[in-house]
Amino acid sequence: MNRIGIGYDIHRLVEGRRLVIGGVAIPYEKGLLGHSDADVLLHAISDAVLGALAHGDIGVYFPPDDDRYKDMASPVILRKALSIAADEGYRLINIDSVVIAQQPKLSHYYAQIIESIAGMTGLHSSSIGVKAKTNEGLDAVGKGEAIAAYAVVLMNQ
């Protein structure tokens, strides 16, 4: 049986934090604010996996008000989502994603991000889509105040 899930995440950009997208540290003067490392792409993928299984979102498993998860690396979240899927007999088939950021430009990092996600998921890089868009100056993302991400996954049992 096939299952499809969609995930979304957004975090505010602030000074004094490291910018991590898809498990890759991106040189930039700001980073994403969050309870964990605030990796919007891994959060969106994790939510998509959990959504495909009808298991809610990552906040169910890693509540943002629980200090045990403070500054946690987002690959831990993705591994948990994939472990839940495996326990139910599902495997990840592919991922498609979009990161929405006015700055920094992410196209130079696509290959690194794809390889990073491949390493975390066991997928071949040809099964992982990563794209970046701007918001053309509109809303908080377009004004450079935040970065957002969407992800869609296909899972099979």
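Helices (H or I, at least four residues) and strands (E, at least two) are DSSP runs, numbered from the N terminus. Keep that in mind for Leu33, which sits in the loop between β4 (30-32) and α1.

A quick word on the ground rules. This is a predicted model, in which local features need pLDDT of at least 70 and side-chain atom pairs count only at pLDDT 80 or more, while totals for chains, interfaces and linings use all residues. Residues are numbered from 1 along each chain as its sequence is written, and side-chain values use heavy atoms, with hydrogens and water left out.

Let's put Leu33 beside Ser97, which lies in strand β5 (residues 91-100). Buried means under 20% relative accessible area, exposed over 50%, and partly exposed in between (1.4 Å probe, protein chains only).

| Residue | Relative accessibility | Class |
|---|---|---|
| Ser97 | 1% | buried |
| Leu33 | 43% | partly exposed |

Contact here means heavy atoms within 4.5 Å. Skipping residues up to four places away in sequence, Leu33 touches His11, Arg12, Val14, Arg17 and Ala38. The C-alpha atoms of Leu33 and His11 are 5.9 Å apart, though their positions lie 22 residues apart along the chain. With the same kind of neighbours left out, Ser97 meets Leu41, Gly129, Val130, Lys131, Tyr150 and Ala151.

Now for the core. A nonpolar core is a set of buried Ala, Val, Leu, Ile, Met, Phe, Trp, Tyr and Cys residues joined through side-chain atoms within 4.5 Å. The largest one has 47 residues, and those touching the most other members include Ile21 and Ile45. Its largest share, nine residues, comes from α1.
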